[in-house]
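Trainee: Got a minute to go through a structure with me? Pull it up and I'll start asking.

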Amino acid sequence: MIPDRCFGSLLLVLIGMFSNVIGAFVGVNIGTDVSSMPSASDVVSIIRAHQITHVRLYDADSHMLKALAGSGIEVIVGVTNEEVLGVGQSASTAAAWVNKNVASYVPATNITAIAVGSEVLSSVPRVAPVLVSAMNNLHKALVASDLNFHVKVSSPQSLDIIPKPFPPSTAVFNSSPNSTIYQLLQFLKNTNSYYMLNAYPYYGFTNGNGIFPIDYALFKPLPSVKQIVDPNTLFHYNSMFDAMVDATYYSMDALNFSGIPIVVTETGWPSQGGANEPDATVENAGTFINNLIQRVSNNSGPPSRPNIPIKTYIYELFNEDKRPGPVSEKNWGMLSTNGTTVFPLSLSGSTQTMGNATAVFCVAKDNSSEDKLQDGLNWACGQGQANCSVIQSGQPCYLPNSIKNHASYAYNDYYQKMRSVGGTCDFDGTATVTTNDPSYRSCIFTGSSNSSAGRGLFPAGDFGPVSPLGEGPKLSVWKIQFAISTACLFVILL
């Protein structure tokens, strides 16, 4: 009887390990070239408030990894282009990197992948010869740490390594049979990993010399006379995004690789551009992102792989005003650093829309100590100059008469007034942002439209609400199942 239960537990662990390959989601890249970058805890509060379940970091920032602990959010950490050479040349360097940036954080921080470099094959060709060695060294280090089943290794590549992506059926990598891309695909196949693709319809349209209509790049429906059809397969492409993903699948097919799923690690549309960038507008950015969310949420793949959902990470969370280059390069963000949206964002499959002014509220955390809450309340009502008259006896927000309730109102009043000039929702770790309107009865919180602001921006993906212990249910269950299975193995081996 005990062995039967143990094998059941082991099966649950295996299901948990591979559950991240099931179903589509929309995640977000977090760049940090921001002059007023919020603290790591504020960033995590913002992404949790918007129910973002998957994030990609371009490095392995310790502050972010610590702040993400217990959130259940799936995290891709990055080996920077500057680090790839050392990791590729030395197995011990790779082992040290994994120990420092992955093993020391899991399972509290749900790291599920390592992205090795960023577009190395097209942007850093001098590093390309050691790219796959770096990936192999990192994978071996994960094996040594018993993390290889939970943490995948891959490397984001630009669509630029496919010279002619249309029609998709004839697309091929710019490569030879013994090229780096061939070795990379062999590695992904051998380790059951996935191909990371950076696909930008914005550039496909703006660099296309008018070949394709802008509606095709923005996921807008095309009239029958303008529909985009691959002449070889007769597949109809409703979006440039789908065609880019399919071009990559066909390019892998041309090298005799199949069964490697694609995850789009970057895509987006800039909301502002210079005089020579007329298509970088708030309207186009909002249209692209909202239609992208709806497209990914239907859980289907491109025409050649309809049963493989296109998991996607939007580029990016915040505008990065410190990035060099044209105006558009600085304006890919969806959110301002205070948590408000750059453009209205619609819930998938819903008519609810989040506007700029009332999207986010600041409330007291459930597990905060009353002493800290009292200190935060005193500061908000004093130095913070929050309007605390409505939480006095006999006023609309006095009941329920609790420190947490009063602190939530005061925190939010301060945050709504001051966030535009840098005010944060922290209060010594006792506060968090939420998209749920906390107003009740006649107690209307500052910034409220007197109706719910909606539940979030993105499909829930693999995660539900965060548990009272602060961990996502999937992560908690995984840890419990792992402990049970370990005990079972011990019993069986006896």
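Trainee: How much area does the protein expose, and what share do carbon and sulfur atoms supply?
Mentor: The protein exposes about 21500 Å², and 55% of that comes from carbon and sulfur atoms. Those areas are from the Shrake-Rupley method with a 1.4 Å probe, and for residues only the protein chains shown count as cover. Bear in mind that this is a predicted model, where local features need pLDDT of at least 70, side-chain atom pairs count only at pLDDT 80 or more, and totals for chains, interfaces and linings use all residues. Residues are numbered from 1 along each chain as its sequence is written, and side-chain values use heavy atoms, with hydrogens and water left out.

Trainee: OK, what percentage of the residues count as buried?
Mentor: 52% of the 494 residues, where buried means under 20% relative accessible area (1.4 Å probe, protein chains only).

Trainee: And how many helices and strands are there?
Mentor: There are 15 helices and 15 strands. Those are DSSP runs numbered from the N terminus: H or I of at least four residues for helices, E of at least two for strands.

Trainee: Let's do helix packing. At what angle do H5 and H7 pack?
Mentor: About 55 degrees, with the axes of H5 (residues 91-103) and H7 (residues 131-144) 8 Å apart. That makes H5 oblique to H7; angles under 35 degrees count as roughly parallel, over 145 as roughly antiparallel, 65 to 115 as roughly perpendicular and the rest as oblique. Axes are lines fitted to C-alpha atoms, for helices over the stretch in contact, and angles run from 0 to 180 degrees between N-to-C directions.

Trainee: Which residues of H5 and H7 meet?
Mentor: From H5, Ala91, Ala94, Ala95, Trp97, Val98 and Val102; from H7, Asn137, Leu138, Ala141 and Leu142. Contact means heavy atoms within 4.5 Å.

Trainee: How do H7 and H8 cross?
Mentor: At roughly 20 degrees, and the axes of H7 and H8 (residues 180-190) come within 9 Å. H7 and H8 are therefore roughly parallel to each other. On the H7 side you have Leu131, Val132, Met135, Asn136 and His139, meeting Thr180, Gln183, Leu184, Phe187 and Leu188 of H8.

Trainee: Switching topic: where is Ala386 found?
Mentor: In the loop between H13 (370-381) and H14 (403-418).

Trainee: Is Ala386 buried or exposed?
Mentor: Buried, at a relative accessible area of 9%.

Trainee: What does Ala386 touch?
Mentor: Leaving out residues up to four places away in sequence, Ala386 touches Ala380, Cys381, Ala410, Asp413, Tyr414 and Lys417. Ala410 is 24 residues from Ala386 along the chain, with 5.8 Å between their C-alpha atoms.

Note on methods. Buried < 20%, exposed > 50% of the residue type's maximum accessible area, 1.4 Å probe, protein only.
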